[in-house]
Amino acid sequence: MESAAHRAAARVDDQTRIRELARRVVEIEARAVAALAERIDAGFMAAVAILLACKGRVIVSGMGKSGHIARKLAATFASTGTPAHFVHPAEAAHGDLGMITGHDVLLAISNSGESDELSIIVPLVKRQGARLIAMTGNPESSLARQADAHLDASVAEEACPLGLAPTASTTAALALGDALAVALLDARGFGAEDFARSHPGGALGRRLLTHVRDVMRSGDAVPTVPASASIGEAVIEISRKGLGMTAVMDGGRLAGIFTDGDLRRLIADGAVRLDGPVSSVMTRSPRTIDEGALAVDAVTLMEQNRISQLLVTAADGRICGALNMHDLFQAKVV
């Protein structure tokens, strides 16, 4: 008799079968998500209205795979302006129900709409005065009938070839929950700075919270020469400050900028005279950026103008700093 291990090995070797099965899974789940667009209806709008009116927290709950989706959606709500947390329905029946108040909204997720654990706690939650939004795959289920608003996350079929493992149904629930979170984000006027406050760590936080003033060089570290300086003196200042450029100042006013790129072009043209005035070869009206701008905006400005250095201005227009792309790399903004 052929062993299960031999059968498994034979299937692994059948690359055509693996590829076709994987494509089928993706296609089934894609169709399940696409079908949701037609269900952004009165029930969805009612759910949005209930959540916007919530004076407490959004409690997201579900069992099994629906519970995993519920945890993710609670995190998405919380990070996009809708305070939320996950409560396990089985734990709720053993004391954690105390986490839910009459000011909260319960978002209960169950594909069948008949989860025993949710069925136990829903009447108790509603008795406290909390509103109920149900997300199910069965609009006629007991959970859907008790809900103040129902979200239809039903699917035509699961992507599992056995028709047993939650696959397309969990993908649909996740997508519908994300649609709800984004709708709420927009309705609340939740912006990039609000988002940054919820994500202070990692690359995302750095991009949204780091300002030019946080990474620029200031004071004596800013390379400057007077307009009367020679090209040689400007080159020395560029080398000394290590920013690849120097500001050229006419009194307290910015007259121009001279960069190592300008120097290379002069050498290539055979036109360099170190005793010549830097004002004759500098770039007038150089690009600058305000110290209060986001550092990521400095990256964008440099990339758009194909430059690698920027002078930084204060609110009164005076030069108060400078930075280059290396500074932004060090700050992990890029």
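Is serine 285 buried or exposed? In this predicted model, serine 285 has a relative accessible area of 70%, and because exposed means over 50%, the residue counts as exposed. Serine 285 is found in the loop between strand E9 and strand E10, the latter spanning residues 288-290. Its backbone also deserves attention, since serine 285 has a positive phi of about 50° although it is not a glycine. Most residues other than glycine have a negative phi.

From this loop one can step back into the sheet to which E9 belongs. Four strands form an open sheet in the order E6-E7-E8-E9, and the pairing within this sheet is mixed. Its edge strands are E6 and E9, the latter covering residues 283-284, and each of these two pairs on one side only. Strands of a sheet pair through backbone hydrogen bonds, either parallel or antiparallel.

Both kinds of pairing can be followed from strand E7. On one side, strand E6 (residues 224-226) runs parallel to E7 and is joined to it by three bridges. Threonine 224 has alanine 247 of E7 as its bridge partner, and proline 226 is partnered by methionine 249 of E7. Between these two strands the chain passes through helix H12 (residues 231-241), and the β-α-β crossover that takes it from E6 to E7 is right-handed. On the other side, E7 is joined by six bridges to strand E8 (residues 253-259), and here the two strands run antiparallel. Alanine 247, already named as the partner of threonine 224, has isoleucine 257 as its bridge partner in E8. The hairpin of E7 and E8 has two residues between the strands, and in this hairpin glycine 251 takes a positive phi near 70°.

Why is strand E7 described as largely enclosed by the rest of the structure? The description holds because five of the six residues of E7, which spans residues 245-250, are buried.

Strand E8 leads on to the largest pocket, which has a volume of about 290 Å³. This pocket is lined by 14 residues, and those that lie nearest its centre are Thr259, Arg265, Arg306, Ile307 and Gln309. The elements that give two or more residues to the lining are E8 and helix H13 (260-269), and H13 gives the most, with five residues. By residue class, the lining of the largest pocket divides into three nonpolar, five polar and six charged residues.

One of the residues named for the pocket, arginine 306, can be described further. Arginine 306 lies in the loop between helix H14 (295-305) and strand E11 (309-313). With a relative accessibility of 80%, arginine 306 counts as exposed, and its phi is near 55°, a positive value in a residue other than glycine.

Elsewhere in the chain is the largest nonpolar core, which has 30 residues, and of these Phe77, Ile109, Ile133, Met135 and Leu180 touch the most other members. The elements that give two or more residues to this core include helix H3 (42-52), strand E1 (58-62), helix H4 (64-79), strand E3 (105-110), strand E4 (131-136) and strand E5 (149-152). Helix H8, which spans residues 168-187, gives the most to this core, with six residues.

Methionine 135, named among the core members above, also serves as a reference point for alanine 147: the C-alpha atoms of these two residues, which are 12 residues apart along the chain, are separated by 9.2 Å. Alanine 147 lies in the loop between helix H7 and strand E5. With a relative accessible area of 18%, alanine 147 is buried, because the limit for that class is under 20%.

Helix H7 brings the reader finally to enclosed space. Rolling a probe the size of a water molecule over the atoms shows where empty space is left. A search of the whole structure finds one cavity of 30 Å³ or more, and about 40 Å³ of space lies in the largest cavity. The elements that give two or more residues to its lining are helix H6 (116-127) and helix H7 (142-146). Gly113, Glu114, Ser115, Leu118, Ser119, Val122, Ser142, Leu143 and Gln146 line this cavity, and they divide into three nonpolar, five polar and one charged residue.

Definitions and conventions:
Residues are numbered from 1 along each chain as its sequence is written. This is a predicted model: local features need pLDDT of at least 70, side-chain atom pairs count only at pLDDT 80 or more; totals for chains, interfaces and linings use all residues. Side-chain values use heavy atoms; hydrogens and water are left out. On a 1 Å grid over the protein atoms alone, a cavity is a set of points where a 1.4 Å probe fits but cannot get out, and a pocket is an open set with protein on both sides within 12 Å along at least five of seven lines; lining residues have an atom within 4 Å of a point. Grid points are joined across faces, edges and corners, and a volume is the space filled by probe spheres set on the points. Ala, Val, Leu, Ile, Met, Phe, Trp, Tyr, Cys and Pro count as nonpolar, Asp, Glu, Lys and Arg as charged, and the others, Gly among them, as polar. Buried means under 20% relative accessible area, exposed over 50%, partly exposed in between (1.4 Å probe, protein chains only). Two strands pair if DSSP finds at least two bridges between them. A crossover is right-handed if, with the strands pointing away from the viewer, the path from the first strand over the helix to the second runs clockwise. A nonpolar core is a set of buried Ala, Val, Leu, Ile, Met, Phe, Trp, Tyr and Cys residues joined through side-chain atoms within 4.5 Å.
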